[in-house]
Amino acid sequence: MSLTIGKIATLANVSTDTLRYYERELLIEPAAKSGGGYRLYGQDALRRIRFIKQAQQCGFTLTEIRALLTLRKRDEACCQDVRQLALEKRLQLEAKIKAMKVMSNALHNLIEACSIDSRPLDDCPILAALEQAIGNTN
Amino acid sequence: MRIDLFYTPGCPKCVANKEGLRATAKKLIPNLLWREMNVLDEIDYAVELGVLTLPAIAIDGEVVFASLPTSQHFERELVKRISKEA
């Protein structure tokens with residue numbers, strides 16, 4: 001059964017613009033075009049779109065998802081290859097979490113330093129610290 | 001000198017030149033501490049050091065190789081570090 005772009009977008013809960021973007025990124029392609037030139041998709045495209053969305057939720061970029069989809073088609077690929085990519089993604093996510101914790105702690109310290117909220121803006125330690133940081137990077 | 005090789009079990013490229021690298025390190029470093037870390041068991045340590053890809057090699061707590069180097073490349077790096085320490 002062929003699905004139009006509007007129909008498959010509704011079923012997958014994405015916009016038609018998203019599907020066109022996926023197509024430009026070589027993640028999906030229509031199975032055929034109608035006589036009027038409209039894109040037509042098969043049921044496998046719906047599975048593929050759901051796979052892409054799920055992988056995005058796990059933090060994979062579209063480039064990485066393309067690599068995962070390519071792996072699926074490679075005869076010699078095995079689960080270990082996918083596991084390797086997933087593990088590297090986890091390491092990258094953990095590194096981001098670590099960096100964000102450092103940022104959160106820095107903000108916590110600034111918030112603690114600014115315990116008197118009635119001070120004029122010129123005396124705000126948060127703004128002063130940020131301005132000092134800007135000065136240090138210049 | 002402490003060398004940590006981070007790997008995943010069953011990963012062919014992780015073990016491709018592992019023995020060659022260890023032999024290179026043993027030849028050059030008398031007080032070598034060579035550790036092979038299964039990243040599944042040591043994920044916190046790997047994150048702490050900043051390992052982002054596998055396999056990877058950290059020397060004295062610093063990720064120096066984000067993939068396995070050739071023995072020649074590895075030797076050059078070790079010689080550079082040994083001469084810095086001397």
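**View 1. Leu127(A), a partly exposed leucine.** In this predicted model, Leu127(A) has a relative accessibility of 36%, so it counts as partly exposed, a label that covers values between 20% and 50%. Leu127(A) belongs to helix 6 of chain A, which spans residues 125-137. Together with Leu121(A) and Leu130(A), Leu127(A) makes up a nonpolar patch on the surface, and the three share about 290 Å² of accessible area.

**View 2. The largest nonpolar core.** Now let us turn to the interior. This core has 21 residues, and the members that touch the most others are Ile8(A), Leu19(A), Tyr22(A), Ile49(A), Ile52(A) and Ile65(A). Two or more residues come from each of helix 1 (5-12), helix 2 (16-24), helix 3 (43-57) and helix 4 (62-73) of chain A. Helix 3 of chain A is the biggest contributor, with five residues.

**View 3. The surroundings of Ile8(A).** Leaving aside residues up to four places away in sequence, Ile8(A) touches Leu3(A), Leu19(A), Tyr41(A), Gly42(A), Ala45(A), Leu46(A) and Ile49(A). There is also a second, separate core of 14 residues, with Leu87(A), Leu91(A), Tyr45(B) and Leu54(B) among them.

**View 4. Where chain B meets chain A.** Here, 17 residues of chain B are in contact with eleven residues of chain A. The two chains bury about 1,200 Å² between them, and 64% of this is on carbon and sulfur atoms. On the chain B side, Ile43(B), Val47(B) and Leu52(B) lose the most area to chain A, together 45% of what that side buries. If you look for salt bridges between chain B and chain A, the count is zero.

Conventions: Residues numbered from 1 in each chain as written. Chains lettered and ligands numbered in written order. Predicted model: local features only at pLDDT ≥ 70, side-chain atom pairs only at ≥ 80, totals over all residues. Heavy atoms only, no water. Core = buried A, V, L, I, M, F, W, Y, C linked by side-chain atoms within 4.5 Å. Buried < 20%, exposed > 50% of the residue type's maximum accessible area, 1.4 Å probe, protein only. Helix = DSSP H or I, 4+ residues; strand = E, 2+ residues; numbered from the N terminus. Contact = heavy atoms within 4.5 Å. Patch = residues over 30% accessible without salt bridge, like charges linked within 9 Å, V, L, I, M, F, W, Y side chains within 5 Å. Areas by Shrake-Rupley, 256 points an atom, 1.4 Å probe, with all protein chains shown as cover. Salt bridge = Lys/Arg side-chain N within 4 Å of Asp/Glu carboxyl O. Buried area = accessible area lost by both parts, 1.4 Å probe.
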